[in-house]
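Visitor: I would like to learn how to read charge pairs and cysteines in a model. Could you take me through them step by step?

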Amino acid sequence: MAGTVNWGTATVIGMFAGMLYGGSKEASASVVRIIDGLDDDHENFVMYCQSKDAEVMLKLGSTQDKREQHRLMRDAMEKRFIRVTRGSIVGGVRLGMFTAAFCCLQNLLAEKRGVHDVYNVVGAGSATAATFGLILPGSFRWRARNVLLGSVLGAAFCFPLENC
């Protein structure tokens, strides 16, 4: 039908966008941040490290052996690479599935209704967001809330998209 979305291309673009987002999110989360400050008594100056790799950085300063330091740094970099790669894959799969579901529902609604209009986009956005709200972890009440919020927000965000 004329005017419908090519879901294959949109899914591939969504996967790559999700991979970029997931990888950058994990990369920024694994950076060591050092916060200087005073302890609770405001007498001693302390240094706080915030990172999942902070223990490696603390171990690195505790040894003078260059081989041990090299091994610790290599292990830290391998762990960080694995975290960023996992974040990229998970982000790509999530956004790719979301994009594929949205485009398929939009095309299905256009085919069944015989017309390509704003209601197809709003219906697909609402149904897709509600479905993904359902699969989020949590109790039954939390999932019901996510479904309701997803359907409303999906429709609200998709309505202006069709008019662009």
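Visitor: Let's start with charges. How many salt bridges does a search of the whole structure find?

Guide: The general idea is that side chains of opposite charge can pair when their charged atoms come close. In this predicted model, searching the whole structure gives 3 salt bridges.

Visitor: Which side chain meets Arg83 in a salt bridge?

Guide: That partner is Glu26, with 3.1 Å from N to O. The pair connects distant parts of the chain: Arg83 belongs to helix H3 (residues 66-113) and Glu26 to helix H1 (residues 7-29), 57 residues apart.

Visitor: Is Arg83 buried or exposed?

Guide: Arg83 counts as buried, because its relative accessibility is 11% and the cut-off for buried is under 20%. Glu26 has a relative accessible area of 22%, so Glu26 is partly exposed.

Visitor: Now to another pair. Where do Arg74 and Glu78 lie?

Guide: Both are in helix H3, 4 residues apart, which is about one turn of the helix. Their side chains meet in a salt bridge, at 4.0 Å from N to O. For a salt bridge, the nitrogen has to be within 4 Å of the carboxyl oxygen. As for accessibility, Arg74 is partly exposed at 40%, and Glu78 is partly exposed at 42%.

Visitor: And what does Arg113 form with Asp117?

Guide: Arg113 and Asp117 form a salt bridge, and their closest N and O atoms are 2.7 Å apart. Arg113 has a relative accessibility of 43%, so this residue counts as partly exposed.

Visitor: Let's turn to the cysteines. How many disulfides does a search of the whole structure find?

Guide: First the general idea: a disulfide is a covalent bond between the sulfur atoms of two cysteines. Here, the search of the whole structure returns 0 disulfides.

Visitor: Why is the sulfur of Cys103 not in a bond with the closest cysteine sulfur?

Guide: The closest cysteine sulfur is in Cys104, at 7.0 Å from the sulfur of Cys103, and that is too far for a bond. The cut-off for a disulfide is a pair of sulfur atoms within 2.5 Å. Seen from the other side, Cys104 is in no disulfide, and the nearest cysteine sulfur is that of Cys103.

Visitor: What is the relative accessibility of Cys103?

Guide: The value for Cys103 is 4%, so Cys103 counts as buried. Cys104, with a relative accessible area of 36%, is partly exposed.

Notes. Residues numbered from 1 in each chain as written. Predicted model: local features only at pLDDT ≥ 70, side-chain atom pairs only at ≥ 80, totals over all residues. Heavy atoms only, no water. Helix = DSSP H or I, 4+ residues; strand = E, 2+ residues; numbered from the N terminus. Buried < 20%, exposed > 50% of the residue type's maximum accessible area, 1.4 Å probe, protein only.
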